[in-house]
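Subject: Structure handover

Hello,

Here is the structure I promised you. Please open it alongside this note; my findings follow below.

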Amino acid sequence: MVVNVFVVSPDTHSERRFDPHITVEQLKGKVELITGIPVANQAITLLASETDSRVVAELTDDSKPLGYYGIADWQVLKVIDTNPATSLTGQLTDVTQVEKFELSDAEYAQRRDTVLAYKQRNKVGRFAEQGATPEPETSAMAVDIAVGSRCEVESAEAGFSKRGTVRFVGPTKFSKGTWVGVEYDEPIGKNDGSVQGERYFSCPQNHGVFVKPEKLRVGDYPVEELNFEDEEI
C-alpha cells in the first residue's frame, strides 16, 4: 500500500509515492534527496491539498509512522528549511545576484547573429521589399494527441526519461504550426505554461515545456520513482 502525495519546498515541487508505514525519520531521509534540505533542518507540515492549504498535521515525532498522522492521497507534504543559512535553500530560485547581460540598441544592431540581422538579410517583415506578396503562414495541422495523456519527451541524454502530462495541443503565438504543451513530473522544463506573456496552460515554474508533436510519445508512462535504497545512494 502506498499514498500519492505532493512534496513541496522553496525550490521543488513533485509528486511522490510513500509507504504510510515508514516513520517520519525515514521520510526525512527520502525528502532530503528530493528537496536538498538536510534532515536536521526539516520541518514537515501535512496540508489538505494543493488547493486547500489547511494544516492537517505537523509531523513532529520522528518515531511515528506516516499513517499515524492520517496521511491520504493527494495531500501535500510542505517541507520548510529551519536553517537555510547552512544549505542552498532559496538560492536556486533567487536571481537577484545574477549578473545580467545587456546590450544597447546600437550594439544590438551591429551584431550579425541576431533575429534583426536575419530579417535584414532575408528581407523579412519590415525589411521586405515593397510590393512583395507575403508568404502565407503554415497552418496548424491536426494532431491526434489528447490533453491529459501521459507522455515521454525525446531526450538527447541516454537513459534519461522526461515524462509528464499533455496540457495543451494547438497553435501558438510564439511560432508557426502545432505545438504540444507538457507539464513535466520534475522541474526540468522551461516555463510555467506561458510564453512571451501568453498563457496556454498552468503548472509550477520550470515544469512546463512546448515541443513539436513528433518529439514525444503518448502512452502509459507512470511517474518514475527515485530509488532510495541505502546501497544505491
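How many disulfides does the count come to? Zero. Bear in mind that this is a predicted model. Two cysteines are worth a look. Cys 151 is buried, at 0% relative accessible area. Cys 203 is buried too, at 14%.

Now the salt bridges. The whole structure has ten. Here are some of them.

Lys 28 and Asp 62 pair up through their side chains, 3.1 Å from N to O. This salt bridge joins distant parts of the chain, 34 residues apart. Lys 28 sits in helix H1 (residues 24-35), while Asp 62 lies in the loop between strand S4 (55-58) and strand S5 (76-81). Lys 28 is buried, with 8% relative accessibility. Asp 62 is partly exposed, at 32%.

Glu 183 and Arg 167 form another salt bridge, at 2.8 Å from N to O. Glu 183 belongs to strand S8 (residues 178-184) and Arg 167 to strand S7 (residues 162-171), with their positions 16 residues apart in the numbering. Glu 183 is buried, at 17% relative accessible area. Arg 167 is partly exposed, at 36%.

Lys 173 bridges to Glu 198, with the closest N and O atoms 3.5 Å apart. Lys 173 is in the loop between S7 and S8; Glu 198 is in strand S10 (residues 198-199), and the two are 25 residues apart. Lys 173 is exposed, at 67% relative accessibility. Glu 198 is partly exposed, at 28%.

Last, a network: salt bridges link Glu 152, Arg 163 and Arg 217.

Best wishes

How values were computed
Residues are numbered from 1 along each chain as its sequence is written. This is a predicted model: local features need pLDDT of at least 70, side-chain atom pairs count only at pLDDT 80 or more; totals for chains, interfaces and linings use all residues. Side-chain values use heavy atoms; hydrogens and water are left out. A disulfide is a pair of cysteine sulfur atoms within 2.5 Å. Buried means under 20% relative accessible area, exposed over 50%, partly exposed in between (1.4 Å probe, protein chains only). A salt bridge is a side-chain nitrogen of Lys or Arg within 4 Å of a carboxyl oxygen of Asp or Glu. Helices (H or I, at least four residues) and strands (E, at least two) are DSSP runs, numbered from the N terminus.
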